[in-house]
Amino acid sequence: MLLRGRIANCVRYGCQVLALIHECTHFTDVFDSTDDVYGVTVSLSFWAQDNPEKALRNADSLTCYIGFKG
């Protein structure tokens with residue numbers, strides 16, 4: 001529960017760690033991600049349902065996965 005609270009604060013107030021994860025996903029030897037959709041919001045999950053292939057390569061999708069599951 002504490003971890004989720006910390007991540008929620010990062011999302012709400014702009015976390016340097018999440019920004020670093022986002023940028024690192026762009027490296028070609030990491031994920032070579034794209035920026036099709038920006039933002040860590042509920043709308044990202046709706047977009048991902050309609051665009052599953054793009055969502056797998058989207059930097060903020062990857063950041064959410066690493067930030068919330070990592």
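Okay, quick definition before anything else: buried means under 20% relative accessible area, exposed means over 50%, and partly exposed is what sits in between. Keep that in mind, and also keep in mind that this is a predicted model.

So, cysteines. Is Cys64 buried or exposed? Cys64 has 17% relative accessibility, which is under the 20% cut-off, so it counts as buried. Cys24 comes out at 28%, so that one is partly exposed. And how many disulfides are there in the whole structure? The search turns up zero. Just as a reminder, a disulfide would be a covalent bond between the sulfur atoms of two cysteines.

Cys64 also takes us to the largest pocket, because it's one of the lining residues there, and buried by that cut-off. The space in that pocket is about 250 Å³. Going round the lining, you'll meet Thr41, Leu44, Ser45 and Ala48, then Pro52, Ala55 and Leu56, and finally Ser61, Leu62, Cys64 and Tyr65. Which helix gives the most to the lining? That's H5, with four residues. H3, H4 (52-55) and H5 (59-69) each put in at least two.

Now follow Tyr65 out of the pocket lining, since Tyr65 is also part of a nonpolar surface patch. The patch covers about 480 Å², and its other members are Phe27, Val30, Phe31 and Ile66. Where does Val30 sit? You'll find Val30 in the loop between H2 (16-24) and H3 (42-50). Its relative accessible area is 42%, so Val30 is partly exposed, and that also puts Val30 over the 30% needed for a patch residue.

How values were computed:
Residues numbered from 1 in each chain as written. Predicted model: local features only at pLDDT ≥ 70, side-chain atom pairs only at ≥ 80, totals over all residues. Heavy atoms only, no water. Patch = residues over 30% accessible without salt bridge, like charges linked within 9 Å, V, L, I, M, F, W, Y side chains within 5 Å. Areas by Shrake-Rupley, 256 points an atom, 1.4 Å probe, with all protein chains shown as cover. Salt bridge = Lys/Arg side-chain N within 4 Å of Asp/Glu carboxyl O. Buried < 20%, exposed > 50% of the residue type's maximum accessible area, 1.4 Å probe, protein only. Disulfide = S-S within 2.5 Å. 1 Å grid on protein atoms, 1.4 Å probe; cavity = no way out; pocket = protein on both sides within 12 Å on 5 of 7 lines; lining within 4 Å. Points joined across faces, edges and corners; volume = space filled by probe spheres on them.
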